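Visitor: I am new to this structure and would like a close look at a single part of it. Could you take me slowly through one residue and its setting, and then show me what else is worth following from there?

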Amino acid sequence: MNYVPSQPASETAPFPFDNSYARLPANFYARVEPTPVAEPWLIKFNRKLAEELGLEAEALERDGAAIFSGNKIPPGAEPLAMAYAGHQFGTFVPQLGDGRAIMLGEVIDRGGKRRDIQLKGSGQTPYSRRGDGRAALGPVLREYIISEAMHALGIPTTRALAATITGQPVYREQILPGAVFTRVAASHIRVGTFQFFAARGDMESVKTLADYVIERHYPELKDSEKPYFSLFKAVAARQAALIARWLHVGFIHGVMNTDNMTVSGETIDFGPCAFMDAYDPKKVFSSIDQFGRYAYANQPGIGQWNLARLAETLVPLFDPVADTAVNLANDALTEYGSIFQKHWLDGMRRKIGLATDEDGDIELIQSLLTLMHEGNADFSLVFRRLVASAGDNGSDPALVELFEKPGAVSAWLHDWRGRVARETLDTGARAAAMRAANPAFIPRNHRVEQAIDAATRDADFSLFEALLDVTSRPYEDQPEHEAYAAPPRAGEEVLQTFCGT
Ligand code: AMP
Ligand code: MG
């Protein structure tokens, strides 16, 4: 019998690789190739992103299965697993690294931006420790849906280029279909990457990495007087902006370990992450976050904690005088707090339709959040329905009914209208601005789980596709998809999410 490959590997899909990380010293990574899989099947390909990256989208859409499963290494790729360390739930682990991810290489996208292309779930690496280097379909779909939804929401994030099924099972608590996720990132450099070298007392490598990060992500800082301190401040500012954006949409990352925080300012490593339905500042989804370290409202503080760990690695480069260097670091960490607060308040003002600043705004916002918490009201729906109330008070009942204790909400609406009356924008412009700040469609956790269940149990990807489609236009009214805007019904709510490792 002749062996006929079911899917001929493409020879016509070159990637315009230019692999700068592979040119860094050998102690930054391990060169390792993906482990081939039995029967790769391309279940999703992000054609638009492929075009943005300058890839041959048509060829990849046709026969990208081999490449996006790791079975075929495209010409010019220099596969490697990156070394990093990290604080996991506060405990330092000196060696983590890409245990189930392999970077193929970097391309310069159509906008001139350098982007990493990485396979996740592509087999073991020298950093796998006891892990199998594989990923199950569920977490791959979760990362696909949520990272693309974050992008559509306008929040900096890694992207999803493709998902394949491997045709091989992975063994977790259950036997699950194996999958490979192709991730695109501004870079995969983490706070933990700096920690890896600092923990080894290798300041030479910390400096090499810092120079690389400045060149790649912050070239404008190259000629600053204290480039490494400027770098730290810039990373802190991006994280402050990022975490504020998370809070504005009710996003809970779930595992903000230092190895899951980028220096580029993108959201990365979507594990047990989820969007909350009813507002609760203490909300936690992750099954392993027993003490709520990474709860919704803890995220800005944890961001600062992680940045302090980054500062510890860089402080010798800030200033030759140790005391001066430490003072600089502390000032920058304090400044992070005020930058976060400003972004948070600006965004919350936009959510309630305020284009001007007044002293009592923060109290007005806080009192709405308190009412939402006490009234068990859905975070996204409250803000979205407030858009209609910006038009006329005829829409108020639809908003008020979201609260278990509606009484106080009418009083709040009265105060809010008093405040809004001092705004300069007209009603139509205000409603439009509010609509652009308050998504109607987030990837609700029960929808994500339903999509994963159908795909895992029945190889039915229709719910996954539908959810991706709806959440790609989060700020538009989509009356035909109203059900996707609704919180879970009784019995539908997902109480826990898992890392999927
Ligand atoms: P994460 O939970 O994704 O932040 O991963 C934490 C660390 O565990 C990283 O070093 C991962 O590469 C590693 N890891 C997670 N899952 C696996 C797996 N299935 N096989 C090997 N390494 C893994
Ligand atoms: Mg991680």
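Guide: In this predicted model, D269 has a relative accessibility of 12%, and because buried means under 20%, D269 counts as buried. Along the chain, D269 sits in the loop that runs between strand β11, residues 251-252, and strand β12, residues 274-275. The backbone of D269 also deserves attention, since its phi is near 60°, which is a positive value in a residue other than glycine. The side chain of D269 takes part in a metal site: the magnesium ion, ligand 2, is coordinated by D269 through OD and by N260 through OD1, at 2.0 to 2.2 Å. N260 is buried, as is D269.

For the wider setting, the protein chain is divided into domain 1 (21-188), domain 2 (224-350), domain 3 (356-435) and domain 4 (445-485). The C-alpha centres of domain 3 and domain 4 lie 28 Å apart.

A positive phi also turns up at A459, where the value is near 50° and the residue is again one other than glycine. A459 is placed in the loop between helix α15, residues 445-458, and helix α16, residues 462-471. With a relative accessibility of 48%, A459 counts as partly exposed, whereas D269 counts as buried.

Another loop residue to find is G154, which lies between helix α4 (137-153) and strand β9 (159-171). Its relative accessibility is 43%, and G154 therefore counts as partly exposed. From G154 one can look across to R245: the two are 91 residues apart in sequence, yet their C-alpha atoms are 8.9 Å apart in space.

Finally, there is a pair of helices to look at, and two packed helices are described by the angle between their axes and the distance between the axes. Helix α6 spans residues 203-217 and helix α8 spans residues 299-318, and their axes come within 10 Å of each other and cross at roughly 90°. Helices α6 and α8 are therefore roughly perpendicular to each other. On the side of α6 the contact is made by M203, V206, K207 and A210, and on the side of α8 by T313, L314, P316 and L317. Sorted by character, the residues of this contact between α6 and α8 divide into 6 nonpolar, 1 polar and 1 charged.

Note on methods
Residues are numbered from 1 along each chain as its sequence is written. Chains are lettered from A and ligands numbered from 1 in the order in which they are written. This is a predicted model: local features need pLDDT of at least 70, side-chain atom pairs count only at pLDDT 80 or more; totals for chains, interfaces and linings use all residues. Side-chain values use heavy atoms; hydrogens and water are left out. Domain bounds come from an automatic or database domain assignment. Donors are N, O and S atoms within 2.8 Å of the metal (3.2 Å for Na, K and Ca); water is not among the atoms, so sites may look incomplete. Buried means under 20% relative accessible area, exposed over 50%, partly exposed in between (1.4 Å probe, protein chains only). Axes are lines fitted to C-alpha atoms, for helices over the stretch in contact, and angles run from 0 to 180 degrees between N-to-C directions. Helices (H or I, at least four residues) and strands (E, at least two) are DSSP runs, numbered from the N terminus. Angles under 35 degrees count as roughly parallel, over 145 as roughly antiparallel, 65 to 115 as roughly perpendicular and the rest as oblique. Contact means heavy atoms within 4.5 Å. Ala, Val, Leu, Ile, Met, Phe, Trp, Tyr, Cys and Pro count as nonpolar, Asp, Glu, Lys and Arg as charged, and the others, Gly among them, as polar.
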